[in-house]
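Me: I have a model open and want to know how its descriptive terms are justified. Please set each value against its definition.

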Amino acid sequence: MYAQEARIFRAPGRVNLIGEHTDYNEGFVIPVAMDLYTWVAAAPRTDALVHVYSQNLRERAEMDLQHLNLQLQRHWSAYVLGVAASLRMSGAEIGGANLLVEGKVPMGAGLSSSASLEVAAGYALLETSGLSRSPVELAKICQHAENEFAGARCGIMDQMIACCGRANYALLLDCRTLEFQLLPLFSDARFVVCNSMVKHDHAAGEYNARRADCEVATRILAEQMPGVRALRDVSLADLERYAQLLPEVVYRRSRHVISENARVQAAREALERGDPVSFGRLMRESHRSLKEDYEVSCTELDLLVEIAGGIAGVYGSRMTGGGFGGCTISLVRSGAAEEFQSAIAHGYQQATDRSPDIYMVRASDGIREFLV
Ligand code: GLA
C-alpha cells in the first residue's frame, strides 16, 4: 500500500504452560512462543511520522515523533504508537516509518496478540532506524507501552516470550531478574490449546483489580517481614502465620500466587525428568487455584477443563493466560492427541453450541526478521 520496498518482521503469540498471574508478583512462569504470528512490513520515512495501517481492521493511525502527546486509549493503534513513544522515551532515537500490520494471533483469546504486535512493531521501528536493543530491553519497552498507553497493567511474561522464545523449547522465566532457562518439551506428550471462543478483555478492570489485591497483600506482609518486596518473597507458611491480618479475598489471591510459584518449580522438575503425569497434576491444581482462589476462570473454561479430564490420554488441563475467557491448555499423550482434538471439539460444541478453535502447540522462535 505504501509503494515502497519494505522489510518484514514477525513476532509470535504465546501460550503459558504454567505460572499464571505470577509475573507481576515477581515470580516464575513457563510460556512457549507459538507458531501464530503478528507480521509487520516496515519502511523508513524521511519525516518524523509513524504511520501504521492494520490489514485486519482496515484502519490507519499516525503519530508525529516530534510531538509525543499520546493519550491513554484502548485502541489497537495504542500498541504500535505507544511502543514508538516508549522507544523514544527510553532514549532510542527512532525515525519515522510506514508500518503495515497483519495479525494472525487471534485477538482476545489469551494468546497474547497485543504483546506480539508491540514487539513486532518495536523491533521493526528499531531496525528501520538502524538501531538495536537487547531482547530483554525491547520486552521492557513494550511492557511500558502497554502499561502507560493501553491501560493494562500487564506483567512482563508476554513481551519476554515474544522476544526470547526459542523453537522446540519452553522458557522458564524469573520475572524478577528476567533471567531465563530453556526447557525442552516432552518427547511423548503434546500440549494442545482450545479456544473457548469467549473473548476476554484485560484492559478491563478485573485484571488490574487482581494486581491491586496483590499489592495490598505485599504492603501488609512487608510490615511484618521487612525483606518482602513482592509475593514472590512470601512462603505459604508465612502467609498462614499472618493470615488474620489480610482481608479474606486478599488472602485467597495471595494463596494462589504463592502456591502457583511453587507449582512452577515442580513443573520445571517434571519437564526436566520427562514426567508428564506430574506435570498434568500440577496443571489441574493450577486451574483449581485460578478458579477458586484467584477467581479469573469462567464457565466455558471450566467446562473445557472438565471435558478434557474425561478424555483418554489427557494428563491435565487448565485455563491459560489472564482468564475471563480465552483458552485452555491440555497435556495429552502424543498418540492420543488427534483423538483428543475431535473429542473436545465435539463435547464443547454439544454443551455450548460453540465450535472451539484448536491448536497443537509447536514451540517457535521469538521476534525475527523474515527474509524472503
Ligand atoms: C496477561 C498478562 C501477563 C500475565 C497473564 C497472567 O497475559 O499480559 O503479563 O499477567 O495475563 O498470567
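Reply: What follows takes the ligand site, then the backbone, then burial.
This is a predicted model, in which local features need pLDDT of at least 70, side-chain atom pairs count only at pLDDT 80 or more, and totals for chains, interfaces and linings use all residues. Residues are numbered from 1 along each chain as its sequence is written, and side-chain values use heavy atoms, with hydrogens and water left out.

Me: Which residues come nearest to the ligand?

Reply: Glu 20, His 21, Asp 23, Asp 158 and Tyr 207 come nearest, out of 13 residues around the ligand. A residue is counted as near if one of its heavy atoms lies within 4 Å of the molecule.

Me: What makes the pair between Asp 23 and the ligand a polar contact?

Reply: A polar contact is a pair of N or O atoms within 3.5 Å; within protein, one must be able to donate a hydrogen and the other to accept it, and residues adjacent in sequence count only if both atoms are side-chain atoms. A polar side-chain atom of Asp 23 lies 2.5 Å from a ligand oxygen atom, so the pair qualifies. Asp 158 also places a polar side-chain atom by a ligand oxygen atom, at 2.7 Å. For His 21, a backbone N or O atom lies 2.7 Å from an oxygen atom of the ligand.

Me: How much of the ligand does the protein bury?

Reply: The protein buries 98% of the 310 Å² that the ligand exposes when taken alone. These areas come from the Shrake-Rupley method with a 1.4 Å probe; for residues, only the protein chains shown count as cover.

Me: What classes of residue make up the shell around the ligand?

Reply: The shell has four nonpolar, five polar and four charged residues. Ala, Val, Leu, Ile, Met, Phe, Trp, Tyr, Cys and Pro count as nonpolar, Asp, Glu, Lys and Arg as charged, and the others, Gly among them, as polar.

Me: What makes the phi of Arg 58 worth noting?

Reply: Phi of Arg 58 is near 55 degrees, a positive value in a residue other than glycine. Most residues other than glycine have a negative phi. Leu 178 also has a positive phi, near 65 degrees.

Me: Why is Arg 58 called exposed or buried?

Reply: Buried means under 20% relative accessible area, exposed over 50%, and partly exposed in between (1.4 Å probe, protein chains only). Arg 58 has 58%, so Arg 58 is exposed; this residue is in the loop between β4 (49-54) and β5 (59-64). Leu 178 has 13% and is therefore buried, in the loop between β7 (169-174) and β8 (180-184). Helices (H or I, at least four residues) and strands (E, at least two) are DSSP runs, numbered from the N terminus.

Me: How do you know that helix α4 is mostly covered?

Reply: Eight of the eight residues in α4 (residues 157-164) are buried. Among them are Asp 158 and Ile 161. Ile 161 has a relative accessible area of 1%, and its C-alpha is 10.0 Å from that of Phe 180, 19 residues apart in sequence.

Me: Why are Tyr 348 and Leu 87 called buried?

Reply: Tyr 348, in helix α10 (residues 337-352), has a relative accessible area of 0%, so Tyr 348 is buried. Its C-alpha is 7.5 Å from that of Ile 307, 41 residues apart along the chain. Leu 87, in helix α1 (residues 76-89), also has 0% and is therefore buried. The C-alpha atoms of Leu 87 and Cys 142, 55 residues apart along the chain, are separated by 8.3 Å.
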